[in-house]
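This report describes the disulfides of one protein, working from a predicted model. How are the bonded cysteines paired when they are numbered in sequence order?

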Amino acid sequence: MQLLKALWALAGAAICCFLIFVIHSQFLKEEGPHEVCGQLAAGTCEIVTLDRDSSQPRRTIARQTARCACKKGQIAGTTRARPACVDARIIKTKQWCEMLPCLEGEGCDLLINKSGWTCTQPGGRIKTTTESLFSLI
């Protein structure tokens, strides 16, 4: 009888440990791109710095620095106005709009010299991004 009680207690403890492990694992998945020992998960990016300069009328210059851990064949780029890992071919051929850099509902157009792209909102506001932001690529 004592052995049976001990086995039930041990089984209960094992189930509790398993449930804690499952809940903890699910919690980590919901956090999105997370770091493990100071490293980003493969295929993810995070914004490190963001600087906005609104000193000129009707013009805001925004600069951001992102840190990415891209998979083989990918390189840091922009998708839906957020840093993301994109196909390296897109950056090398300067076909910027293929990485879907604009927000949903905005139109993307390449600049004439392929040095960047513009995102045009339905109301006519235009955001321009140039490749100088990709100078480390």
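Numbered in sequence order, the bonded cysteines of the protein pair as 1-2, 3-4, 5-7 and 6-8. The search that gives this pattern covered the whole structure and found 4 disulfides. Three of the links are described here, with sulfur distances and angles computed from the predicted model.

| Disulfide | S to S distance | Angle about the S-S bond |
|---|---|---|
| Cys45 and Cys68 | 2.1 Å | 115° |
| Cys70 and Cys85 | 2.3 Å | -90° |
| Cys102 and Cys119 | 2.0 Å | -85° |

**Cys45 and Cys68**

The link of Cys45 and Cys68 is right-handed, at 115° about the S-S bond. Cys45 belongs to strand E3 (residues 44-56) and Cys68 to strand E4 (residues 59-69), so this disulfide ties together parts that are 23 residues apart in sequence. Is each partner buried or partly exposed? Cys45 has a relative accessible area of 13% and is buried. Cys68, at 25%, is partly exposed. The cut-off behind these words is 20%, under which a residue counts as buried.

**Cys70 and Cys85**

The sulfur atoms of Cys70 and Cys85 are 2.3 Å apart, and the link is left-handed, with -90° about the S-S bond. Cys70 sits in the loop between E4 and strand E5 (74-79), while Cys85 is in strand E6 (residues 82-87), so the pair connects parts 15 residues apart in sequence. Cys70 is partly exposed, with 28% relative accessible area. Its partner Cys85 counts as buried, at 15% relative accessibility.

**Cys102 and Cys119**

Cys102 is joined to Cys119 by a disulfide with an S to S distance of 2.0 Å. The link is left-handed, with -85° about the S-S bond. Which parts of the chain does this pair tie together? Cys102 lies in the loop between helix H2 (88-93) and strand E7 (107-110), and Cys119 lies in strand E8 (residues 116-120), so the two parts are 17 residues apart in sequence. Both cysteines, Cys102 and Cys119, are buried.

**Burial and handedness together**

In the link of Cys45 and Cys68, Cys45 is buried and Cys68 is partly exposed; that link is right-handed. In the link of Cys70 and Cys85, Cys70 is partly exposed and Cys85 is buried; that link is left-handed. For Cys102 and Cys119, both partners are buried and the link is left-handed.

Terms used: Residues numbered from 1 in each chain as written. Predicted model: local features only at pLDDT ≥ 70, side-chain atom pairs only at ≥ 80, totals over all residues. Heavy atoms only, no water. Disulfide = S-S within 2.5 Å. Helix = DSSP H or I, 4+ residues; strand = E, 2+ residues; numbered from the N terminus. Buried < 20%, exposed > 50% of the residue type's maximum accessible area, 1.4 Å probe, protein only.
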